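Me: I'm new to this one and would like a close look at a single part. Please pick a helix and walk me through what goes on along it and just past its end.

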Amino acid sequence: TPAICWIGTTVIRLIDAFTDATGRLIAWCMPLIVLGTVMIVVLRYQFAVNTTLIQELVLYLHGLAFMLAIPWALKQDAHVRVDLIYSRLTTRGRAWVNLIGHLAFLFPTGVFILLESQSYVAMSWRMREGSPDVGGLQGVYLLKTLIPAMAALLLLQGVAETLRALRTLRDRHA
């Protein structure tokens with residue numbers, strides 16, 4: 001029905017917009033990672049200064065960038081795929097592969113990560129887990145929170161991708 005189509009399209013647009021905004025925000029981590037890495041090298045080799053704080057900051061930024069960019073990669077169709085058959089399929093064939101892949105692999109894996117990471121992250125939060133190194137960042141619990149956050153965002157983008165595949169399969173001209 002037209003109402004269901006409108007709702008599906010609206011949901012896809014909202015999720016895609018959120019994922020794009022997250023991707024643009026996360027992209028700003030990359031120059032900071034480069035800058036931090038340059039600072040580490042210069043301080044170490046020019047001034048013989050070891051900076052645990054900057055090293056861990058770069059590590060945290062890497063974690064943030066890679067974990068939260070996973071849903072964006074799914075949206076951009078930039079994820080790893082064995083493309084022996086997929087590239088030769090019709091649009092409908094690709095939609096079937098995507099739909100089956102999301103239902104059989106993405107959703108179960110995302111739910112598993114989300115559920116299994118809960119106690120791990122909760123324990124880290126209870127301890128307010130910090131760096132074991134002197135001068136390190138005291139937010140390891142925040143870094144670990146990226147695990148269920150990534151899973152939740154991946155599942156959200158998976159909903160949009162599944163709706164997109166269903167829309168393609170419903171369209172007789174695809």
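**A close look at helix H4**

Reply: Let's start with what is tucked away: in H4, the buried residues are Gly93, Ala95, Asn98, Leu99, His102, Leu106, Phe107, Gly110, Ser117, Val121 and Ser124. Buried here means under 20% relative accessible area, exposed means over 50%, and partly exposed is in between, using a 1.4 Å probe and protein chains only. Bear in mind that this is a predicted model, where local features need pLDDT of at least 70 and side-chain atom pairs pLDDT 80 or more, while totals for chains, interfaces and linings use all residues. Numbering runs from 1 along each chain as its sequence is written, and side-chain values use heavy atoms, leaving out hydrogens and water.

A word on the labels: helices (H or I, at least four residues) and strands (E, at least two) are DSSP runs numbered from the N terminus. H4 covers residues 91–127, and at 1.5 Å a residue its 37 residues should span 54 Å; the end C-alpha atoms are 50 Å apart, which agrees. That expected span is 1.5 Å times one less than the number of residues. H4 also has a kink of about 45°, centred on His102. The bend at a residue is the angle between axes fitted to the seven residues ending there and the seven starting there. His102 is on the buried list too.

So who does the covering? Among the parts over the buried residues of H4 are helix H3 (52–75), helix H5 (140–144) and helix H6 (146–170). Zoom in on Ser117, which sits in H4 and counts as buried at 6% relative accessibility. Leaving aside residues up to four places away in sequence, Ser117 touches Ile147 and Pro148, where contact means heavy atoms within 4.5 Å. Ser117 and Ala151 are 34 residues apart in sequence, yet 9.4 Å apart in space, C-alpha to C-alpha.

Further along H4, look for the one aromatic pair in the structure. It is Trp125 with Tyr141, edge-to-face, at 4.7 Å centre to centre and 75° between the planes. Because Trp125 belongs to H4 and Tyr141 to H5, the pair ties together parts that are 16 residues apart in sequence. Rings of Phe, Tyr and Trp (its six-membered ring) pair if their centres lie within 6.5 Å; planes under 30 degrees apart are stacked, over 60 edge-to-face, and the rest tilted. Trp125 counts as partly exposed, at 32% relative accessibility, whereas Tyr141 counts as buried, at 14%.

Tyr141 has another partner: Arg128 lies over its face, at 5.4 Å from the ring centre. For that, NZ of Lys or CZ of Arg must be within 6 Å of the ring centre and within 35 degrees of the ring normal.

Arg128 brings us just past the end of H4, where it takes a positive phi of about 50°. Most residues other than glycine have a negative phi, and Arg128 has its positive value although it is not a glycine. It is found in the loop between H4 and H5 and counts as partly exposed, at 48% relative accessibility.

If you'd like a parallel, Ala48 just after H2 takes a positive phi of about 55°. Ala48 is placed in the loop between H2 and H3, and with a relative accessible area of 71% it is exposed.
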